[in-house]
Amino acid sequence: MQPSRPTLQSERLLLRPVAASDTDAMQSYRGREDVVRYLTHKPLSPAGMRARNARSIELWGAYPAELFNLNFVVELLGPDADGDAIGDLRVWNLLLDGSGPASEKPSIFWIGYAFHPDMQGKGYAREAAARVIRWLFAEHAASEVRAIAFAPNTPSIALLEKLGFQVFRTLDADPDNNTPAAVHLRIDASRWAARAAEPANTPMRTESEES
Ligand SMILES: CC(C)(COP(=O)(O)OP(=O)(O)OC[C@H]1O[C@@H](n2cnc3c(N)ncnc32)[C@H](O)[C@@H]1OP(=O)(O)O)[C@@H](O)C(=O)NCCC(=O)NCCS
């Protein structure tokens, strides 16, 4: 049985379920135009962030379940640890509004993330994404993990490609809706396992999961 509130640890980071008390820290980056430029929401006000987190907390309440949509907050471990969110990730095979599966099979999961600009360029986003993806393959029998990125979002595409994701679909720009071209990327379980077995991709320290 899955722990109902998984807490995942990597070398430098702690990933835990989002809480109402994370609103200020998360709004400090999800409220910024430069952070949300390639996300599906506009800069969030404190009220908007509170509402988004309330929905995320509600979605955690339904876990464990075959279909889920989970928002993990990322905190630093070690001497700089203060419990504040430096970024967050969402993983899902259930649409955010709960209306149904996000893809053709429940074993296909999607991932999305945003980090505070002060915490970018340090490899934290990639480390956190790697940890949660490993959890999806190991604990949720994921067959495949996918992500969407707008074509100009090169930091996100670079992060995914460094983890072994490959583009499998390209979407044209939609000038009517002011939407840039986009790519869909994915990695399947066998590619993930093969890469994990390569010495260069082995974590330096044992990672852990706590309930
Ligand atoms: C997408 C996003 C999370 C990428 O963040 P990031 O910090 O650039 O990504 P990574 O964690 O992969 O960090 C990579 C950088 O850290 C550097 N780095 C420093 N220390 C490192 C370490 N110990 N390990 C790995 N990389 C390290 C790398 O060299 C790399 O920098 P470079 O690109 O200049 O070579 C960030 O740009 C963001 O939050 N954007 C706004 C939201 C968004 O667009 N989300 C994605 C929607 S698809």
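1. Leu44 first. With a relative accessibility of 15%, Leu44 counts as buried, because the cut-off for that class is under 20%. Leu44 sits in the loop between α2 and α3. Take care with sequence separation here: Leu44 and Thr7 are 37 residues apart along the chain, and their C-alpha atoms are 26 Å apart in space. Keep in mind throughout that this is a predicted model.

2. On to the pocket. The largest pocket holds about 1400 Å³ of space. Its lining is made up of 48 residues, and those closest to the centre are Tyr38, Leu39, Tyr113, Asn153 and Ser156. Two or more lining residues come from each of these elements: α2 (33-36), β4 (87-92), β5 (108-115), α4 (124-139), β6 (144-150), α5 (154-162) and β8 (182-188). If you want one element to start from, take β5, which gives the most to the lining, with six residues.

3. What is the make-up of that lining by class? The largest pocket is lined by 26 nonpolar, eleven polar and eleven charged residues. When you read those numbers, remember that Tyr is put with the nonpolar residues and Gly with the polar ones.

4. Now the ligand. Around the ligand there are 19 residues, and the ones that come nearest are Tyr113, Phe115, Gly121, Arg126 and Asn153. Tyr113 and Asn153 are worth a second look, since both names also turn up among the residues closest to the centre of the largest pocket.

5. Which backbone atoms should you check against the ligand? For Gly121, a backbone N or O atom lies 2.7 Å from a ligand oxygen. For Lys122, a backbone N or O atom is 3.2 Å from a nitrogen atom of the ligand. For Ala125, the backbone N or O atom is 3.0 Å from an oxygen atom of the ligand. As for cover, the ligand taken alone exposes 960 Å², and the protein buries 69% of that.

6. Asn69 deserves a close-up. Asn69 is in strand β3 (residues 69-76). At 2% relative accessibility Asn69 counts as buried. What does the side chain of Asn69 pair with? One partner is the side chain of Arg90, through a polar contact of 2.8 Å. Another is the backbone oxygen of Leu94, which lies 2.8 Å from a polar atom of the Asn69 side chain.

7. Have a look at the Tyr63–Pro64 link. Most peptide bonds are trans. Tyr63 and Pro64, however, are joined by a cis peptide bond, with omega about 5 degrees. Pro64 belongs to the loop between α3 (46-61) and β3. The C-alpha of Pro64 is 8.6 Å from that of Arg5, although the two residues are 59 apart along the chain. Arg5 itself is in the segment before β1 (7-9), and its 42% relative accessibility makes it partly exposed.

8. Then there are the backbone angles to flag. Most residues other than glycine have a negative phi. Ala141 has a positive value, near 45 degrees, and is found in the loop between α4 and β6. Asn178 also has a positive phi, near 60 degrees, and lies in the loop between β7 (166-171) and β8.

9. Buried or exposed, those two? Ala141 is exposed, as its relative accessible area is 60% and exposed means over 50%. Asn178, at 72% relative accessibility, also counts as exposed.

10. Two more positions to round off the tour. Val132 is in helix α4 and is buried, with a relative accessible area of 0%. The C-alpha atoms of Val132 and Phe115 are 15 Å apart, with these positions 17 residues apart along the chain as a sequence separation. Ser103 is in the loop between β4 and β5. Despite its loop position, Ser103 counts as buried at 14% relative accessibility. From Ser103 to Trp92, the C-alpha separation is 9.8 Å for residues eleven apart along the chain.

Conventions
Residues numbered from 1 in each chain as written. Predicted model: local features only at pLDDT ≥ 70, side-chain atom pairs only at ≥ 80, totals over all residues. Heavy atoms only, no water. 1 Å grid on protein atoms, 1.4 Å probe; cavity = no way out; pocket = protein on both sides within 12 Å on 5 of 7 lines; lining within 4 Å. Points joined across faces, edges and corners; volume = space filled by probe spheres on them. Helix = DSSP H or I, 4+ residues; strand = E, 2+ residues; numbered from the N terminus. Buried < 20%, exposed > 50% of the residue type's maximum accessible area, 1.4 Å probe, protein only. Near = heavy atom within 4 Å. Polar contact = N/O pair within 3.5 Å; in protein donor to acceptor, adjacent residues only side chain to side chain. Areas by Shrake-Rupley, 256 points an atom, 1.4 Å probe, with all protein chains shown as cover.
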